[in-house]
Amino acid sequence: MSDSITFETESPRYGLPLLHVAQAQKEAFVNEALSRCDILLHATISGERATPPEDPRPGESWLVAEGATGAWSGRDANIAGLHGGNWLFVEPREGLRVFDLSTRQERLFHIFWRKAVLPVEPLGGITVDVQARAAIAELIGVLQVLGIVPSA
């Protein structure tokens, strides 16, 4: 470890702006950090899209889809939230989880955004096992309630 003191300008994980002694316009840095925290804490997204919504509402966040255009160009896979009339972007880190309100399920970032698909319930077959089918249907229902797979 070096004896020299270094001054970081942002937090290591999410790039939250850090304050420095005698820094001018501290409120701008603090407000940006709080806005990013607001996006990340109990993270929900309204859905995934490649273009900004025409009439975004305060508090909404969106997952920027691949091939984004306009104000979101070059921000693929980021989470976008509107703050003070400007888009604020959060780059995902490994293990970040968000809840997608449009599909009612959780998404996980691991190299790219992942989401589970709804499993198909067994139908037909030579032997009909009512108890096994009921158990599978119940398991699928639990996975839906937990937001692991999308609701039908």
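## H83 and the two sheets of a predicted model

H83 is partly exposed, because its relative accessibility is 34%, and the partly exposed class lies between 20% and 50%. The model discussed here is predicted. H83 belongs to strand 4. Leaving out residues up to four places away in sequence, H83 touches N31, S35 and L88. K115 is 32 residues from H83 in sequence. In space, the C-alpha atoms of H83 and K115 are 27 Å apart.

**Overall form**

The protein has two helices and eight strands. Along the sequence the pattern reads α-β-β-β-β-β-β-β-β-α. The radius of gyration is 21 Å, well over the 15 Å that the globule rule gives for 152 residues, so the protein is more spread out than a compact globule. Along the principal axes, the C-alpha atoms fill a box of roughly 75 × 45 × 25 Å.

Buried residues account for 29% of the 152 residues. The exposed surface of the protein is about 10400 Å². Carbon and sulfur atoms supply 58% of that surface. Take the contacts between residues at least 6 apart in sequence: 32% of them join residues at least 24 apart. The protein carries 13 positive and 19 negative charges. The mean positions of the two sets are 2 Å apart.

**The sheet 2-3-4-5**

Four strands make an open sheet in the order 2-3-4-5, with mixed pairing. Strand 2 (48-49) and strand 5 (86-90) stand at the edges. Each has a single partner strand, so one side of each is left without a neighbour in the sheet.

The pairings run as follows. Strand 2 and strand 3 are parallel and joined by two bridges. Here E48 stands opposite L63 of strand 3. Strand 3 and strand 4 pair in the antiparallel sense, over three bridges. In this pairing S61 faces G81 of strand 4. Strand 4 and strand 5 are antiparallel too, with five bridges between them. The bridge partner of L82 is W87, in strand 5.

Strand 3 is also worth reading by side-chain direction. S61 and L63 point one way, while W62 and V64 point the other way. All of these are buried.

**The sheet 1-6-7-8**

Another four strands form an open sheet in the order 1-6-7-8. Its pairing is mixed. Strand 1 (44-45) and strand 8 are the edge strands, and each pairs on one side only. Strand 1 and strand 6 (residues 97-100) are parallel, with two bridges. I45 stands opposite D100 in strand 6.

The strand pairings described above are set out here.

| Strands | Sense | Bridges | Residues opposite each other |
|---|---|---|---|
| strand 2 and strand 3 | parallel | two bridges | E48 and L63 |
| strand 3 and strand 4 | antiparallel | three bridges | S61 and G81 |
| strand 4 and strand 5 | antiparallel | five bridges | L82 and W87 |
| strand 1 and strand 6 | parallel | two bridges | I45 and D100 |

**Loop residues**

Next come residues outside the strands. A77 lies in the loop between strand 3 (61-64) and strand 4 (79-83). Its phi is near 75 degrees, a positive value in a residue other than glycine. A77 counts as partly exposed, because its relative accessibility is 25%.

N78 is found in that loop between strand 3 and strand 4 as well. Is N78 buried or exposed? N78 is buried, because its relative accessible area is 8%, and buried means under 20%. Its contacts, leaving aside neighbours within four places in sequence, are W62, L63, V64, F89, V90, E91 and P92. Among these, W62, L63 and V64 are the buried residues of strand 3 met earlier.

I111 sits in the loop between strand 7 (105-110) and strand 8 (112-114). Phi of I111 is near 70 degrees, again a positive value in a residue other than glycine. I111 is exposed, because its relative accessible area is 61%, and exposed means over 50%.

Methods
Residues numbered from 1 in each chain as written. Predicted model: local features only at pLDDT ≥ 70, side-chain atom pairs only at ≥ 80, totals over all residues. Heavy atoms only, no water. Rg over C-alpha atoms; globule rule 2.2 N^0.38 Å. Buried < 20%, exposed > 50% of the residue type's maximum accessible area, 1.4 Å probe, protein only. Contact = heavy atoms within 4.5 Å. Areas by Shrake-Rupley, 256 points an atom, 1.4 Å probe, with all protein chains shown as cover. Lys, Arg positive; Asp, Glu negative; His and termini not counted. Charge placed at Lys NZ, Arg CZ, Asp CG, Glu CD. Pairing = 2+ DSSP bridges.
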